[in-house]
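Hi,

Here is the structure I promised to pass on to you. Please open it beside this message, and then read on for what turned up.

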Amino acid sequence: KHLDGSFVVNGLIKESLIKTFGIPAEKILVEPNAVDMKQFDISTPAAEARKALSLPQDKKIVLYSGKFYDWKGLDILVKCAAALPDNYAVYFVGGDEQRLREVTGISELPSSLVCAGERPFTEMPLWQKAADVLVLLGTKKNEYSARYTSPMKIFEYFASGVPIVASRTEAVTQVASDSNTLLYEPDDMEDLKKKIIDAAENPEAMNGRVINALQEAHKRSWNSRAQRIMGYMESK
């Protein structure tokens, strides 16, 4: 209560602080995470990115990137990988098969799923460009996942120019919407599968969302975020 001000990464955290501690709303600035556009806004064609990463040219590639934590609800994409058509490959970048089994409780991983391990952060723009669809997960089974996260991954996805399928959790929809992503119902594997296929098979229909995502990414640079926070601090 003695703070002049603070900042949080989403509006739901702000609401919680107001309710829990009685902090005046004007003392809390909401500033989601951001992206380095110079790193992620690259023009490399998908075929070239796949060649550089030794990925197949004849598959629809679905990409999930990020650390493997149980609160992320990774199991839904593992199950979805088994249900997708044979010409789809689902890549998990951020951990190995053993870790994925541990956090999901699924011992038999489908053959269409590939764990690429932990990759250098500088390599991630290429991985995104190589994909047909980028997936952002979120589950209502975990409160942190559902309400209190602000995944940096979504902003990096926005900058990629690649169609995005994202979970319609309260946390994700703080920054993602039907205008820039294709949202699926959390914990609904069939809906996730449908949305992935829709995005992969109809890229032209996703163009408007892709353009809007790029525009949103340009507003969400780390530099512009820092300037807004500095301005907020100086006003106190």
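Below I go from the whole chain to its cores, its pocket and a few single residues.

**The chain as a whole**

Please keep in mind that this is a predicted model. The protein chain has 11 helices and 8 strands. Its C-alpha trace spans about 60 × 40 × 30 Å along the principal axes. For 236 residues, a compact globule would have a radius of gyration near 18 Å, and the chain agrees with that because its own value is 18 Å. Of those 236 residues, 49% are buried. If you take the contacts between residues at least 6 apart in sequence, 70% of them join residues at least 24 apart.

**The nonpolar cores**

In soluble globular proteins, nonpolar side chains tend to be buried together. Here the largest nonpolar core has 31 residues, and those with the most contacts inside it are Trp127, Ile154, Phe158 and Ile164. Helix 8 gives the most to this core, namely 4 residues. Another core lies apart from it and has 30 residues, including Ile76, Phe92, Leu113 and Leu137.

Phe158 is a good place to start looking. This residue is in helix 8, and it counts as buried because its relative accessibility is 1%, where buried means under 20%. Which residues does Phe158 touch, once those up to four places away in sequence are set aside? They are Ile164, Val175, Ala176, Asn180, Thr181, Ala213, Leu214, Glu216 and Ala217. You can also find His218 from here: it is 60 residues away from Phe158 along the chain, and the two C-alpha atoms are separated by 8.9 Å.

Ile154 is worth a look too. Not counting residues up to four places away in sequence, Ile154 touches Leu136, Ile164, Val175, Ala176 and Thr181.

**The largest pocket**

The largest pocket has a volume of about 600 Å³. Its lining is made up of 27 residues, and Ser65, Gly66, Lys67, Lys72 and Lys153 lie nearest the centre. Which elements give two or more residues to that lining? They are strand 3 (60-65), helix 6 (124-130) and helix 8 (152-158). Helix 8 has the largest share, with 3 residues, and helix 8 is also the element that gives the most to the largest core. By type, the lining divides into 11 nonpolar, 10 polar and 6 charged residues.

**Residues in helix 6 and strand 3**

Gln128 lies in helix 6. Is Gln128 buried or exposed? With a relative accessible area of 1%, Gln128 is buried. Leaving aside neighbours within four places in sequence, Gln128 is in contact with Phe40, Leu63, Leu134, Glu156, Tyr157, Ser160 and Val162.

Lys60 is found in strand 3. This lysine counts as partly exposed, at 23% relative accessibility. Beyond its neighbours within four places in sequence, Lys60 is in contact with Asn87, Tyr88, Ala89, Asp132, Ala200 and Glu201. Lys60 and Pro85 are 25 residues apart in sequence, and their C-alpha atoms are 9.4 Å apart in space.

**Two positive phi angles**

Ser54 has a phi near 60 degrees, which is a positive value in a residue other than glycine. Ser54 lies in the loop between helix 3 (46-53) and strand 3. Its relative accessibility is 67%, so Ser54 counts as exposed, the word used here for values over 50%.

Asp187 is not a glycine either, yet its phi is positive, at about 70 degrees. You will find Asp187 in the loop between strand 8 (182-184) and helix 9 (189-201). At 35% relative accessibility, Asp187 counts as partly exposed.

**Towards the start of the chain**

Last comes Gly5, in the segment before strand 1 (6-8). Gly5 has a relative accessible area of 28% and is therefore partly exposed, the class between 20% and 50%. Apart from residues up to four places away in sequence, Gly5 touches Lys27 and Tyr232. Between Gly5 and Asn212, which are 207 residues apart along the chain, the C-alpha separation is 32 Å.

Enjoy looking around, and write back with any questions.

Best wishes

Definitions and conventions. Residues are numbered from 1 along each chain as its sequence is written. This is a predicted model: local features need pLDDT of at least 70, side-chain atom pairs count only at pLDDT 80 or more; totals for chains, interfaces and linings use all residues. Side-chain values use heavy atoms; hydrogens and water are left out. On a 1 Å grid over the protein atoms alone, a cavity is a set of points where a 1.4 Å probe fits but cannot get out, and a pocket is an open set with protein on both sides within 12 Å along at least five of seven lines; lining residues have an atom within 4 Å of a point. Grid points are joined across faces, edges and corners, and a volume is the space filled by probe spheres set on the points. Ala, Val, Leu, Ile, Met, Phe, Trp, Tyr, Cys and Pro count as nonpolar, Asp, Glu, Lys and Arg as charged, and the others, Gly among them, as polar. Buried means under 20% relative accessible area, exposed over 50%, partly exposed in between (1.4 Å probe, protein chains only). Contact means heavy atoms within 4.5 Å. A nonpolar core is a set of buried Ala, Val, Leu, Ile, Met, Phe, Trp, Tyr and Cys residues joined through side-chain atoms within 4.5 Å. The radius of gyration is taken over C-alpha atoms; the globule rule is 2.2 Å times the number of residues to the power 0.38.
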